[in-house]
Amino acid sequence: MTPLEFPKGFLWGTATAAHQVEGGNDNNDWWDWEQTPGHIKNGDKSTVACDWWNGERYRQDFDLAQSLNTNAHRLSIEWSRVEPREGVWSDAAFSFYRRVLAALRERGITPLVTLHHFTNPRWLAQKGAWEARAVVPLFERYATRVVQELGDLCDFWVTINEPTVYLYAGYVNGSWTPGKKNFSLAMRVGENMLRAHVAAYHAIHRVQPHARVGLANSITPLVPANPRLWLNRTLAAFQHRTYNHLLLLALQDGRLHFPMGNARIPEAMGAQDFIGVNYYFSRRIAIDLAQPAQLFARPLPPRPWGVSYDAELNEWFGKGEINPDAFVETLKWCARFGKPIFVTENGICDRDDDFRPRYLVQHLAAMHRAIGNGAPVRGYFYWSLIDNFEWAEGYALRFGLIRNDFATQTRTPKPSAHLYARIARENALAADVMEQ
Ligand code: FCB
């Protein structure tokens, strides 16, 4: 076996998001959601998380990221900190993020900054957050301010993380704040997120002409459980397009597509400098006429992936299927936009690190295959650098390369961290790594 080498200058990164690692914030809608029993597994709360805010423990985590030979890190700015009340900006919060970004740069790690990663300031949530068109200028103003304050430390931006996960979990299955089940409202949220991205894209470029700006798209290929059934194929294709492709298509041709509406948004045309892809698994869906709220679809349990899943994997991948081939297809599909691609998230929850090395190597090999097929993938951000507050799953699901003992805040790199360090150092998947 010959080693699989990656292009020169490839970015080997890790990812985190503010609310999942910072702790010490009671001013956003997720904090409010966490207070109701039943919303978060085991009643967990984001109170301390990885203690980045009060304890400034990002420093030691970035030391570890540096020791893993990574040269990039994706993190997010918490809107509720920098604009704690509408139109009021916090110097203390901007100073904090300046220290964070400087700490990365001192370690030779390029920051990629996300402006919205699921959480909203409470004042915005009280106005209906993304349900109302009024969010668009508010987000544009916030993006402008962040780039004015931090633009000397970063020029690589994700406007919004996973709009379709946000609208699905918040407005279709209702498992996340605001806990609604209303498909047409979900589509409106999607449209507002697209419009806000476009406004922020242009605003960021006005402040920082050389900026690179994109969206982090959740792409979960949806395939029919029974491809011989016309109805199943049609349903899967409709859902696949709605969930995975609609926003990217709108950014290409400046039009909304059914079922999100049919508005023309000319300023959306080409409003992304790269394609951000968050890929974890694919999903098989069957027809279920008893589930109108789920668009008549029912996810099927996964087929085994060479190994059988343990309880933790079943929790999260329970409705998905580990599928590196679908990752190749996803990256090849994204290549059609003719823009650089960054894998802004990919990873697995696996407390004991039994499956992670295998998952990592298989997905990196898949990414290599896509690059060989012409997909311009320029970087990869493993989710996550460290075990953290995993939304409705609380601290139960562990995605980190680094273990966090939340009681003592002790960090321990897992075996897969050492594996990733070697891959990043060699900029390649060595033959023995693949054989193992
Ligand atoms: C993605 C989210 C990220 C994390 C991973 C596991 O959907 O963007 O915050 O929760 O899943």
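## A walk from the ligand outward

The residues around the ligand are Q20, H117, F118, N161, E162, Y280, W316, E345, W383, E390, W391 and F399. The model is a predicted one. Which atom of the ligand does Q20 approach? A polar atom in the side chain of Q20 sits 2.7 Å from an oxygen atom of the ligand. H117 makes a similar approach: an N or O atom of its side chain is 2.8 Å from a ligand oxygen. For E390, the distance between a side-chain N or O atom and an oxygen of the ligand is 2.9 Å.

W383 is one of the residues around the ligand. It also takes part in a cis peptide bond. The bond runs from W383 to S384, and its omega is near 10°. S384 belongs to the loop between β12 (377-383) and β13 (402-405). A second cis peptide bond leads from F258 to P259, with omega near 5°. P259 sits in the loop between α10 and β8 (275-278).

Next come the open spaces. The largest pocket has a volume of about 1,300 Å³. Its lining counts 47 residues. Which of them lie nearest the centre? They are V165, Y168, N173, Y243 and R283. Several elements each give at least two residues to this lining: α8, α9 (183-207), α10, β9 (283-287), β10 (297-299) and α11 (311-317). The largest share, 5 residues, comes from α8. By class, the lining of the largest pocket holds 26 nonpolar, 13 polar and 8 charged residues.

The second largest pocket has a volume of about 170 Å³. It is lined by P357, R358, V361, Q362, L419, V433, M434 and Q436. Two elements, α13 (356-372) and α15 (431-435), each supply at least two of these residues. Which element gives the largest share of this lining? It is α13, with 4 residues. Sorted by class, the lining of the second largest pocket has 5 nonpolar residues, 2 polar and 1 charged.

Now to the closed spaces. How many cavities of 30 Å³ or more does the structure hold? There are 3. The largest cavity has a volume of about 60 Å³. Its lining is made of P163, T164, N217, S218, Y243, N244, H245, L246 and L247. The elements that give two or more residues to it are α8 (163-171), β6 (212-218) and α10 (230-253). Here α10 provides the largest share, 5 residues. The lining of the largest cavity divides into 4 nonpolar and 5 polar residues, with no charged ones. Y243 links two of these spaces. It lines the largest cavity, and it is among the residues nearest the centre of the largest pocket.

The cysteines come next. The count of disulfides is 0. C349 is in no disulfide, and the nearest cysteine sulfur, that of C50, is 16 Å away. A disulfide needs two cysteine sulfur atoms within 2.5 Å, so a gap of 16 Å rules out a bond between C349 and C50. Is C349 buried or exposed? C349 is buried, because its relative accessible area is 0%. C154 counts as buried too, because its relative accessibility is 3%.

Two residues have an unusual sign of phi to look at. A49 is not a glycine, yet its phi is positive, near 50°. Where does A49 lie? It is in the loop between α2 (29-34) and α3 (58-67). A49 has a relative accessible area of 2%, so it is buried. Q409 is not a glycine either, and its phi is positive, about 60°. Q409 is placed in the loop between β13 and β14 (410-413). Its relative accessibility is 7%, so Q409 counts as buried.

The last stop is P224. This residue lies in strand β7 (residues 222-224). P224 is partly exposed, because its relative accessible area is 22%. The C-alpha atoms of P224 and T234 are separated by 8.4 Å, and the two residues are 10 residues apart along the chain.

How values were computed:
Residues numbered from 1 in each chain as written. Predicted model: local features only at pLDDT ≥ 70, side-chain atom pairs only at ≥ 80, totals over all residues. Heavy atoms only, no water. 1 Å grid on protein atoms, 1.4 Å probe; cavity = no way out; pocket = protein on both sides within 12 Å on 5 of 7 lines; lining within 4 Å. Points joined across faces, edges and corners; volume = space filled by probe spheres on them. Nonpolar A, V, L, I, M, F, W, Y, C, P; charged D, E, K, R; others polar. Buried < 20%, exposed > 50% of the residue type's maximum accessible area, 1.4 Å probe, protein only. Near = heavy atom within 4 Å. Polar contact = N/O pair within 3.5 Å; in protein donor to acceptor, adjacent residues only side chain to side chain.
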